[in-house]
Amino acid sequence: MTARMSLRSVAEAQGFDVGAAVDADLLRNDAGYWNLLRREFTAVTPENALKMGPLRPSPDTYDFGDADAVVNFGLEYDMTVRGHTLVWHNQTPAWFEEWEYTDEGIEGFLRDHIHTVAGRYRDKIDAWDVVNEAVADDGSMRETVWYDAMGEAYLDRAFEWADGVTDADLYYNDYGADGVNEKSDAVYDLITRMLDRDVPIDGVGLQLHALHDEPDPESIAANVRRFEDLGLDVQITEMDVAYPEDELPENHRERQAEYYRAIVETCLDTGCKTLVTWGVRDDDSWVPGWFSGLTDDPLLFDGSTPKPAYHAIVDVLAERSN
């Protein structure tokens with residue numbers, strides 16, 4: 001039954017978004033990549049094009065070409081569009097030197113950036129990762145240029161500035177906080193403080209890069225539910241699954257498929273209605289270039305061939321639609 005159905009068709013029938021991070025150059029130049037996205041996914045996230053560094057080649061210049069390509073593709077094919085990301089400590093412009101600014105100057109710089117970028121896509125982007133990775137691995141606030149200049153209030157201002165210029169839902173996004181653990185406790189506490197200050201935040205993005213271990217689905221479910229109890233939506237925003245080559249599970253692609261299925265089941269059981277993979281095909285994944293000693297097949301497609309993980313997601317969505 002499911003062999004004749006696309007991932008997109010079963011996702012739409014379930015009211016569930018399955019998305020992918022998109023490389024603008026591949027989208028323009030690789031017909032196979034373009035076709036997989038159009039046929040199989042219901043949501044797109046610009047992989048790098050909306051990050052501050054790629055977006056701003058010089059102090060007075062914004063280059064929206066790549067971002068527009070991905071956003072307009074999503075709009076043309078009736079996809080949900082996620083924006084990633086307005087505020088992050090990584091991938092700032094090469095020309096940006098924080099010591100050249102006063103604290104007030106940094107605040108003005110960030111405000112203008114958010115107003116320009118989020119405002120440009122006011123009615124085109126459905127959800128924004130407003131702030132990305134503000135919490136360090138030990139649960140403390142990450143020391144960044146934004147935090148050093150403004151303290152924790154930089155998150156409040158970022159969400160308020162975005163809320164003033166976009167119709168999108170506004171998310172806090174982070175890695176390593178997928179299940180209940182020290183870091184997700186800190187994220188929970190941070191967002192609780194933000195809500196107490198009436199910050200306009202709509203949701204939490206759990207990245208779920210399962211690259212050295214597999215966060216426990218039951219723990220993820222408990223984590224999702226506690227954020228939902230705060231009145232927030234939760235999305236899986238950057239998922240991929242790889243294994244240490246020196247501890248490779250037997251039939252690791254079947255194991256990978258089981259884990260993807262378990263996470264989709266967790267989403268369906270908890271009301272999380274979006275899962276985005278960080279890339280489309282294994283060959284295009286960021287993982288091999290950043291991590292040595294891991295398998296190089298973390299996504300749903302091997303070239304244009306659907307993998308067991310793909311079929312596992314199609315199957316569970318089809319089963320839940322019946």
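**Close-up views of the predicted model**

**Figure 1. Lining of the largest cavity.** The lining residues of the largest cavity divide into four nonpolar, three polar and one charged. The structure shown is a predicted model. The residues that line the cavity are Lys51, Met52, Thr85, Leu86, Val87, Trp88, Asn90 and Gln91. Lys51 is the charged member, because Lys counts as charged. Met52, Leu86, Val87 and Trp88 make up the nonpolar part, because Met, Leu, Val and Trp are classed as nonpolar. Strand E3 (residues 80–87) contributes the most to this lining, with three residues. The space inside comes to about 40 Å³, and the count of cavities of 30 Å³ or more is one.

**Figure 2. The salt bridge between Arg28 and Asp25 in helix H2.** Side chains of opposite charge can pair when their charged atoms come close. Here the closest N and O atoms of Arg28 and Asp25 are 3.3 Å apart, which is within the 4 Å cut-off for a salt bridge. Arg28 and Asp25 are three residues apart in helix H2 (residues 24–29), so about one helical turn separates them. Arg28 is partly exposed, with a relative accessible area of 44%. Asp25 is also partly exposed, and its relative accessibility is 44%.

**Figure 3. The salt bridge between Lys183 and Asp137.** The N to O distance between the two side chains is 3.5 Å. Lys183 belongs to helix H9 (residues 182–196), while Asp137 sits in the loop between strand E4 (127–132) and helix H7 (145–150), so the pair ties together parts that are 46 residues apart in sequence. The two partners fall into opposite accessibility classes: Lys183 is buried, with a relative accessible area of 4%, whereas Asp137 is exposed, at 51%. The figure for Lys183 counts as buried because the limit is under 20%; the figure for Asp137 counts as exposed because that class begins over 50%.

**Figure 4. The salt bridge between Glu319 and Arg261.** The closest N and O atoms of Glu319 and Arg261 are 2.6 Å apart. Distant parts of the chain are linked by this pair, with Glu319 in helix H13 (residues 308–321) and Arg261 in helix H11 (residues 252–270), 58 residues apart. Glu319 is partly exposed, with a relative accessible area of 43%. Arg261 is partly exposed too, with a relative accessibility of 23%.

**Figure 5. A network of salt bridges that share partners.** Arg253, Asp282, Asp297, Asp302 and Lys307 are joined into one network by such salt bridges. The count of salt bridges comes to 25 in total.

**Figure 6. The protein chain as context for the close-ups.** The secondary structure of the chain comes to 13 helices and eleven strands. The radius of gyration is 19 Å, close to the 20 Å that the globule rule gives for 322 residues, so the chain is as compact as a globular protein of that length. The C-alpha trace spans about 60 × 40 × 40 Å along its principal axes. Of the 322 residues in the chain, 55% are buried. Among contacts with a separation of 6 or more, 79% are between residues 24 or more positions apart.

How values were computed: Residues are numbered from 1 along each chain as its sequence is written. This is a predicted model: local features need pLDDT of at least 70, side-chain atom pairs count only at pLDDT 80 or more; totals for chains, interfaces and linings use all residues. Side-chain values use heavy atoms; hydrogens and water are left out. On a 1 Å grid over the protein atoms alone, a cavity is a set of points where a 1.4 Å probe fits but cannot get out, and a pocket is an open set with protein on both sides within 12 Å along at least five of seven lines; lining residues have an atom within 4 Å of a point. Grid points are joined across faces, edges and corners, and a volume is the space filled by probe spheres set on the points. Helices (H or I, at least four residues) and strands (E, at least two) are DSSP runs, numbered from the N terminus. Buried means under 20% relative accessible area, exposed over 50%, partly exposed in between (1.4 Å probe, protein chains only). The radius of gyration is taken over C-alpha atoms; the globule rule is 2.2 Å times the number of residues to the power 0.38. Contact means heavy atoms within 4.5 Å.
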